[in-house]
Amino acid sequence: MQWWCSATGEPWTWSWQAYPGVWLFVALAGYAMWRVLRTEPLSTGARVSAIAGVVLLWITLDWPVGPLGTGYLASVHAVQFISLGMVVPPLLLRALPRERVEAALAASPGIARTVGALTQPLVAALLFTLVMVVTHVPRVVDAVMRFQLGAFLLDLAWLLSGLVFWWPVIVQRPVREGFNPILRILYIFLGTQAHLFIAMWLLLSDFPVYATYELAPRVTGLSALQDQQLAGGFMIGVAEPIVFAAIAVVFFRWAGEQEKRARS
């Protein structure tokens, strides 16, 4: 029995497979969210966001997406990155009550200093970019995907770096007065652009760059190179709209606040 999805090299079948480690991880994430939110009067939007974040985390890591992404299809692997780095973190953070976060940080100065340092915008953007680049290096991918622990650490790196990256934009605690909406828009745009270079590299390569997916038994009628090009397409066609949607949310909220101030 496998606890976490990894590349096995076995021919793909659509027979369901259990991954208890994934279930435990998702259950712990759900329990943590419940512990944080259970005493707070939440809006419907916050509750939906929390539930959607945990459910999407489960879908991304469990069968069939998990094993397909770790050992068979680079395109599914790209979808996992987009989900764990750009979709699940904002959903989970959107549900956090800012007052509860402030109280927790005030009660634990050590944690407050750590959170403040990690979520300093420049640090958070560099960390997210570094994780994004390193985890797409062929030698890294081919080395870690063969092992359950390696695949788990890669998924965890995407999720944690995503939480750190989106924290200054969504939670905004500690408050940074100089980090205004215009800077937040630039932060989102510049902090996510590494995925465009990775996408173009995957699209324009003349050969498969990952041995894991080149040598994997074929699941679809696509060749390894075509699957890799599809991965690059997803990183542009799916990830980029998410980035611009986040920018639009920040802009229109800022514009709405400006309009209210003008009226008052």
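Which helix gives the most to the nonpolar patch? Keep that question in mind while you look over the whole chain, and remember throughout that this is a predicted model.

**The whole chain**

Begin by selecting the entire protein chain and colouring it by secondary structure, which will show 14 helices and zero strands. If you follow the chain from the N terminus, every element you meet is therefore an α element, as the run α-α-α-α-α-α-α-α-α-α-α-α-α-α spells out. Turn the C-alpha trace about its principal axes, along which it spans about 65 × 40 × 35 Å. A compact globule with 264 residues would have a radius of gyration near 18 Å, and the 19 Å of the protein chain agrees with this.

Now switch on the surface, where the protein chain exposes about 13,400 Å², with carbon and sulfur atoms supplying 70% of that area. Buried residues make up 45% of the 264 residues. When you display contacts between residues with a separation of 6 or more, bear in mind that 77% of them join residues 24 or more positions apart.

**The loop after helix H2**

Next, select Trp63 and Pro64, and look at the peptide bond that runs from the one to the other, which is cis, with omega near 5°. Pro64 is found in the loop between helix H2 (44–61) and helix H3 (65–71).

**The loop between H9 and H10**

Move along the chain to helix H9 (148–170) and the loop between H9 and H10, where Pro174 has its place. The peptide bond from Arg173 to Pro174 is cis, with omega near 5°.

In the loop between H9 and H10 you can also select Gln172, which has a positive phi of about 60° although it is not a glycine. Is Gln172 buried, partly exposed or exposed? Its relative accessibility is 23%, so Gln172 counts as partly exposed, given that buried means under 20% and exposed means over 50%.

**Helix H10 and the nonpolar patch**

Finally, select residues 181–191, which form helix H10, and you have the answer to the opening question, because this is the helix that gives the most to the nonpolar patch, with five residues. To see the patch itself on the surface, select Ile182, Leu183, Leu186, Phe189, Leu190 and Phe244, which together have about 540 Å² of accessible area.

End the tour on Leu183, whose place is in helix H10. With a relative accessibility of 37%, Leu183 counts as partly exposed.

Terms used: Residues are numbered from 1 along each chain as its sequence is written. This is a predicted model: local features need pLDDT of at least 70, side-chain atom pairs count only at pLDDT 80 or more; totals for chains, interfaces and linings use all residues. Side-chain values use heavy atoms; hydrogens and water are left out. Patches are made of residues with over 30% relative accessible area and no salt bridge: like charges are joined within 9 Å, nonpolar side chains (Val, Leu, Ile, Met, Phe, Trp, Tyr) within 5 Å. Accessible areas come from the Shrake-Rupley method with a 1.4 Å probe; for residues, only the protein chains shown count as cover. A salt bridge is a side-chain nitrogen of Lys or Arg within 4 Å of a carboxyl oxygen of Asp or Glu. Helices (H or I, at least four residues) and strands (E, at least two) are DSSP runs, numbered from the N terminus. Buried means under 20% relative accessible area, exposed over 50%, partly exposed in between (1.4 Å probe, protein chains only). The radius of gyration is taken over C-alpha atoms; the globule rule is 2.2 Å times the number of residues to the power 0.38. Contact means heavy atoms within 4.5 Å.
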